[in-house]
Every structure is written in structure tokens, then in C-alpha cells.
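Me: Hey, can you walk me through this one? I'd like to get a feel for how the strands are arranged and where the open space is.

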Amino acid sequence: MKIKAVFIDMDGTLLTHDHVISPRNLQVIQHLKQQGVYVFLATGRQMDITVPYHQMLGLKTPMICLNGAAIYESFSLDPLILRTFCLEKTLHDIVVNSPGNVIIHTTHGMYCKELDSVVQSWVQEGHKGPVYVGDLTKIRCGNVLKYSVMARSLDRSLDQVIQHKNDIIRWQDGIEIGPKDVSKWTGIQYVMNKYRLTKHEVIAIGDGPNDMEMLKEAGTGVAMGNAGNDVKAVADFIALPCEDDGLADFIEKHILTSFSA
């Protein structure tokens, strides 16, 4: 396969469960770059906790963050694109009163109900704290990029109401709400146009529900072995699990070998 670009999810794909890039993954990505393949990170994370890994890999490509709602230039960190939205007040109040923590990612920072272990780990990774912690019903956020709702028991009847004007992604431990018709794949399309790439020259690799569209639409979609069955069902290939260096194993067998052949 003639591949010019690889778009890689972070959690559950590039990173181990303790948020580390394994030596093998690090080495393989350096080999890809040496072969002239563009490597991009496509993640649900905000920029602050994407940048450290982007720099560790020595990447000079744009970062696709917050499921495609924000794309940032690699050197200046200036936004190339920001796709924002604003939930209606009634719906905002219902969402932020959900059980569990609620995190609102905006163009000017992060708002959350509480400083839980997830948010604390983000602060440690990105060295930047929330701009507000407390009662989110008192906050009217503009320029929102994503809501993260950490609640397993969130009422599914809300889905249809939310989906009328926004996109929703369900996880085992909650939901993500984003701008309508915006995804990692739309972020990839923006980058493909910028780099003059066709979808057949692109591989997307991921493990989560927020990766499904890019796995379906890219020329080659690769699901990690730790992905759910619904994610695997839309992929062209199934890699080994993340903890077994599935990313590196797939790249070694299917991309790097094609250059040396």
C-alpha cells in the first residue's frame, strides 16, 4: 500500500494505560518520518495534554484535537480551525446537572464541576488547570468545543434532543457532545486538503467510538485489538492490543515493509 500519511489516536492506541509512549511505538514513528510519511495525532484530548506527546515524537504536523473541533499549528500552537457551539440554556442545565463530573472545553479554557482524578491527571500532563471549578449552572459558556459528561447512567432520551443540533458520542463511562457534523474525520479532511492528500493515501488508527468515522472513511482503517466490537466492525484491519504495541506491530508489518520491499 502506498501510504503518505498516518493519523493516530492517542489514548488506547499510541499511549499505554498509564499515558506512556512505548519505546517501540516511539521508534516506529521515527522510522515513518524518515521514510517521508506524515504522522498526525487525531485525538479527543484538548491541546494542552496533546502537545507534550506531539513534541516527544518530534512531529511538525498540525494537531487534530477535541474530536476535530480544534486543529492547531505545531510550532506556534495557533488555531488553524475552531468549530464552536453553544448549547441552549435549558439543555446546558440538564447536562451539567448530570451525575458525575462535567467538563466543558472552550476556546479560552476548561470549566468543570469538580477537580476529580481525571482532571487532576490532565493538569499534571498539560501543566495547566481549569479556568473554573464549581457550579456550572452559574456559567454560560460561549465558544464551546466539547462537553465531556462522566456519567454512566445518563438518560438516553436526551440523545435525540442533543442530536438535533449537536453530535453525541457515547462511551461506557459517559458521553461527549460536540458541534454538529464535526469529527476526527472532518479534521482529517481539512488536513488532507492542506497537504494535498487523497483518502487512499491515508491510514487512520484508533480504538474508540470517536474513531469510527475516520476508520470507515480513510483509505485504510485500523482498529486496535482493545477496541470494542462496533469499532472493529468498521475497520479494514485489526491490530494487536495497545498494551502489546499493536500500533508499532501494524506499522512494521504493513507500512514500513512496503518501503523496504
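Reply: Sure, here are some questions and answers about the strands, the pocket and the cysteines. Keep in mind that this is a predicted model.

Me: Cool. What order do the strands take in the open sheet of six?

Reply: The order is β8-β7-β6-β9-β11-β10, and the pairing is mixed.

Me: Which strands stand at the edges there?

Reply: Those are β8 (132-133) and β10 (166-171). Each has a single partner strand, so one side of each is left without a neighbour in the sheet.

Me: And how many bridges are there between β7 and β8?

Reply: Two, with β7 (residues 109-112) and β8 pairing in the parallel sense. In that pair, C112 sits opposite V133 of β8.

Me: Let's switch to β1. Which strands does β1 pair with?

Reply: One is β12 (residues 202-206), which runs parallel to β1 and is joined to it by four bridges. I8 has I205 of β12 as its bridge partner. Another is β2 (residues 38-41), also parallel to β1 and also with four bridges. There, F7 is opposite F40.

Me: Are the β1 side chains buried or exposed?

Reply: Buried, on both faces. A5 and F7 point one way from the strand, while V6 and I8 point the other way.

Me: What does helix α1 make with β1 and β2?

Reply: Together, β1, α1 (residues 23-34) and β2 form a β-α-β unit, and it is right-handed.

Me: OK, new topic. What volume does the largest pocket have?

Reply: About 840 Å³. It is lined by 36 residues, and the closest to its centre are D11, M150, W171, D173 and E176.

Me: Which element supplies the largest share of that lining?

Reply: That's α4, with four residues. Elements that each give at least two are α4 (117-126), β9 (144-149), β10, β11 (174-179) and α8 (229-233).

Me: What classes of residue are in the lining?

Reply: By class, there are nine nonpolar, 14 polar and 13 charged residues.

Me: Last thing: how many disulfides are in the whole structure?

Reply: Zero turn up in the search. For background, a disulfide is a covalent bond joining the sulfur atoms of two cysteines.

Me: Back to C112, then. Is C112 buried or exposed?

Reply: C112 is buried, because its relative accessible area is 0% and the cut-off for buried is under 20%.

Me: And why does C86 count as partly exposed?

Reply: Because its relative accessibility is 43%, which lies between the 20% limit for buried and the 50% limit for exposed.

Methods: Residues are numbered from 1 along each chain as its sequence is written. This is a predicted model: local features need pLDDT of at least 70, side-chain atom pairs count only at pLDDT 80 or more; totals for chains, interfaces and linings use all residues. Side-chain values use heavy atoms; hydrogens and water are left out. Two strands pair if DSSP finds at least two bridges between them. Buried means under 20% relative accessible area, exposed over 50%, partly exposed in between (1.4 Å probe, protein chains only). A crossover is right-handed if, with the strands pointing away from the viewer, the path from the first strand over the helix to the second runs clockwise. On a 1 Å grid over the protein atoms alone, a cavity is a set of points where a 1.4 Å probe fits but cannot get out, and a pocket is an open set with protein on both sides within 12 Å along at least five of seven lines; lining residues have an atom within 4 Å of a point. Grid points are joined across faces, edges and corners, and a volume is the space filled by probe spheres set on the points. Ala, Val, Leu, Ile, Met, Phe, Trp, Tyr, Cys and Pro count as nonpolar, Asp, Glu, Lys and Arg as charged, and the others, Gly among them, as polar. A disulfide is a pair of cysteine sulfur atoms within 2.5 Å.
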